[in-house]
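Visitor: I'd like to walk through this one and ask how each label was earned. Can you show me the sequence and the structure?

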Amino acid sequence: MKEDRAAAGSSGVRERIPWGADGVLEFELPGGWNLLGSMRPASPSALADVETELERALVQPTGCGPLAELARGKRKVAIVVDDISRPTPAYRLMGKVLEHLAGGGVKADSVTLIPGLGVHRPMTREEMEAKAGKANLETARWENHDSRDGEKLVFLGRTRRGTRVYVNRTVAESDLVVLVGTIEPHVHAGFGGGYKNILPGVSGVVTISRNHAICAHPRYFSMIGTEPEKNPMRLDIEEAGRMLKGTVFIVNTVLDQGGGIVAVVAGDPVAAHRRGVKAAAGMYGVRVPRRADVVITGSSPMDLDLRQGGKAIANTLFAAKPGGVIIAAMKCEEGIGSVRIPKFMIPSNPLAAKLVAKLLCLAVTRIAPPGISPEERFAAYFLFRAVLRNRILLYAPSICDELKGKIPIAKVYGDFEEVIREAHGIRPRADVLIFPSGGVTYPVLPERSAG
């Protein structure tokens, strides 16, 4: 096992967090720092027999009849799978789903597979085969979604929150829509899964932008782990999903840190989703005694790139007191990835950085820069809010030189020992919380407020 050692201080309290697939980052807490806890997600056993559990879920779904019965008499069926940016092992589920559709009399040429791209790039044939299974793509046709092609979208109406709902035409005209995805913590929607394969998955860019804008508010900018009934973005998503004329059925997994399937839920897009949320919350929501002065969070298992690694900050932000320090250790094995770095420079001086971030925070809610996707726009809003709330020190040795001064975070480091020294200088005496797997873990506080 590889180790990246960083000694700091002389308290003698040494901690380790995962660092990539087979490494660890080991460090020592400085004197004056009091460790409140190392907050790790629960580790339930993966299902021994996924196929049997999936069969049970399709025959005895939550909130509706069996998939085969729902399929009877349906002439057009769309199956929406989440795209390659999500971890769902759809290839392990699709064969059984197609089998039950056929059992209900649906012919293979009546089924269309569509990746829920949102505003992401199209998937290649090879990527779709890896996602949904090569054999499955040979029995059902597939097509990419395009959120910007008005000819391939259908207007369904407007939600109570003002979202104009444009949805992929193939999906909108289907008699039965099956959504295959995963329920995991999500910084805005609380949790993924459910109707999220519809919005943003196969919605128009106007619809996605409006739905994302709900979180461009100090009260809602971080909604990780919130109950669906208390999450305005999730409620807007579900209202939009209910506008579809066809029957909608979900097949959602809950995964462990290694991608193993620990639960499968199927059925009504709301009722079955709520069951899955309980399972996901029980795994990834960790109770903390109180907010800390310093939070140390690692990107595991979201170690791929900057977009994924940023979840370590997003998930654990509210574990820190307002004004507290967040140390985020990001592996970023494939570098920055698809994240576009802003062309403006952020001052390294904390006070100046906060002033700029405050101005940009206001601007990004009113202006949509050309070529910037809704996801990038509101990810930027989140980061601006985060830097206004906390001092964020980023350890990202693989992309340190590329990031310095280019993102709304106070400092970027290539040496973890230096990060610890810097944080100790800011908070010589501090309560500390550590999130070794901050990429999927979020804090459950005795009493959460907007902070």
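Guide: Start with the aromatic cluster, which is made up of Trp 19, Phe 27, Tyr 395 and Phe 416. Bear in mind that the model is predicted: local features need pLDDT of at least 70, side-chain atom pairs count only at pLDDT 80 or more, and totals for chains, interfaces and linings use all residues. Residues are numbered from 1 along each chain as its sequence is written, and side-chain values use heavy atoms, with hydrogens and water left out.

Visitor: What makes two rings a pair here, and how many aromatic pairs are there?

Guide: Rings of Phe, Tyr and Trp (its six-membered ring) pair if their centres lie within 6.5 Å; planes under 30 degrees apart are stacked, over 60 edge-to-face, and the rest tilted. The structure has five such pairs.

Visitor: Why is the pair of Phe 155 and Tyr 166 called tilted?

Guide: Their centres are 5.0 Å apart and their planes meet at 45°, so the pair is tilted. Phe 155 belongs to strand 8 (residues 153-158) and Tyr 166 to strand 9 (residues 164-168), eleven residues apart. Helices (H or I, at least four residues) and strands (E, at least two) are DSSP runs, numbered from the N terminus.

Visitor: Are those two residues buried or exposed?

Guide: In between. Buried means under 20% relative accessible area, exposed over 50%, and partly exposed in between (1.4 Å probe, protein chains only). Phe 155 has 44%, so partly exposed is the label, and Tyr 166 at 26% gets that label too.

Visitor: Back to the cluster: why is the pair of Tyr 395 and Phe 416 edge-to-face?

Guide: The planes are at 65° and the centres 5.1 Å apart, so edge-to-face it is. Tyr 395 sits in strand 18 (residues 391-395) and Phe 416 in helix 15 (residues 416-426), so the pair ties together parts 21 residues apart in sequence. Tyr 395 has a relative accessible area of 2%, so it is buried; Phe 416, with 2%, is buried as well.

Visitor: How do you know that a charge sits over the ring of Phe 318?

Guide: The rule asks for NZ of Lys or CZ of Arg within 6 Å of the ring centre and within 35 degrees of the ring normal. The charged end of Arg 389 sits over that ring, 4.5 Å from its centre.

Visitor: What makes helix 8 mostly covered?

Guide: Nine of the ten residues in helix 8 (residues 232-241) are buried, among them Met 233, Ile 237 and Gly 241. The buried residues pack against strand 9, strand 12 (190-191), helix 7 (205-213) and helix 9 (271-284), where contact means heavy atoms within 4.5 Å. At the N-terminal end, Asn 231 caps helix 8, with a side-chain oxygen 3.0 Å from the backbone nitrogen of Met 233.

Visitor: What makes the backbone at Cys 332 worth a look?

Guide: Most residues other than glycine have a negative phi, and most peptide bonds are trans. Cys 332 isn't a glycine, yet its phi is positive, about 50°. Cys 332 lies in the loop between strand 17 (320-329) and helix 12 (350-364), and its relative accessible area is 1%, so it counts as buried.

Visitor: And which peptide bond to Pro 301 is cis?

Guide: The one from Ser 300, with omega near 0°. Pro 301 is in the loop between strand 16 (292-298) and helix 10 (306-309). The bond from Leu 199 to Pro 200 is cis too, with omega near 15°.

Technical notes: A polar contact is a pair of N or O atoms within 3.5 Å; within protein, one must be able to donate a hydrogen and the other to accept it, and residues adjacent in sequence count only if both atoms are side-chain atoms.
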